[in-house]
Amino acid sequence: MNRISLIINRVRHATGKILHLGCVGRSDGLYPELWLHRHIVQAAESASVIGVDLTADGIQAMRQQGYLAEVCDAMDLGTRFPRESFGLIIAGEIIEHIPDQ
């Protein structure tokens, strides 16, 4: 099973809202048909999906495509969203960017 199939399977079985960290596939927002976020939203069907990313231009491009997305640092999620706001959190494109602590 590839990475996208694994994520989509989790999304289909999620309950509650879904948060996608690092939702912008490219910093320039180009090629929305290749965005992981697109696959997540399609698989979620009726579940609410919000994407967050540091890239303001990419977030703007996502909003222009009709996605719910916000500029936010993953390290600041606790100040932006109430605790236990999401039934599933996906970090499919950012895990390699998180510093060891």
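1. In this predicted model, the largest nonpolar core has 11 residues. Its members are Ile 7, Ile 8, Val 11, Ile 18, Leu 36, Ile 40, Ala 43, Ala 44, Val 49, Leu 88 and Ile 90. Three elements, α1 (3-12), α2 and β4, each give two or more residues to this core. The largest share, 4 residues, comes from α2. In soluble globular proteins, nonpolar side chains tend to be buried together.

2. A second core, separate from the one above, has 9 residues. Among them are Ile 50, Leu 77, Phe 86 and Ile 94.

3. Val 49, a member of the largest core, deserves attention for its contacts. When residues up to four places away in sequence are not counted, Val 49 touches Ile 18, His 37, Ile 40, Val 41, Ala 44 and Leu 68.

4. The strands should be considered next. An open sheet is formed by 4 strands, in the order β3-β2-β1-β4, and their pairing is parallel. At the edges lie β3 (69-71) and β4 (88-90), each of which pairs on one side only. From one strand to the next, the twist averages 20°.

5. How many bridges join strand β2 to β3? There are 3, and β2 (residues 49-53) runs parallel to β3. Within these two strands, Gly 51 of the β2 segment stands opposite Ala 69 in β3.

6. Helix α2 (residues 36-44) packs on the sheet, where it touches β1 (18-21), β2 and β4. The direction of α2 makes about 165° with that of β2. This helix is also the element that gives the largest core its largest share of residues.

Definitions and conventions
Residues numbered from 1 in each chain as written. Predicted model: local features only at pLDDT ≥ 70, side-chain atom pairs only at ≥ 80, totals over all residues. Heavy atoms only, no water. Pairing = 2+ DSSP bridges. Axes fitted to C-alpha atoms, helices over the stretch in contact; angles between N-to-C directions. Contact = heavy atoms within 4.5 Å. Core = buried A, V, L, I, M, F, W, Y, C linked by side-chain atoms within 4.5 Å. Buried < 20%, exposed > 50% of the residue type's maximum accessible area, 1.4 Å probe, protein only.
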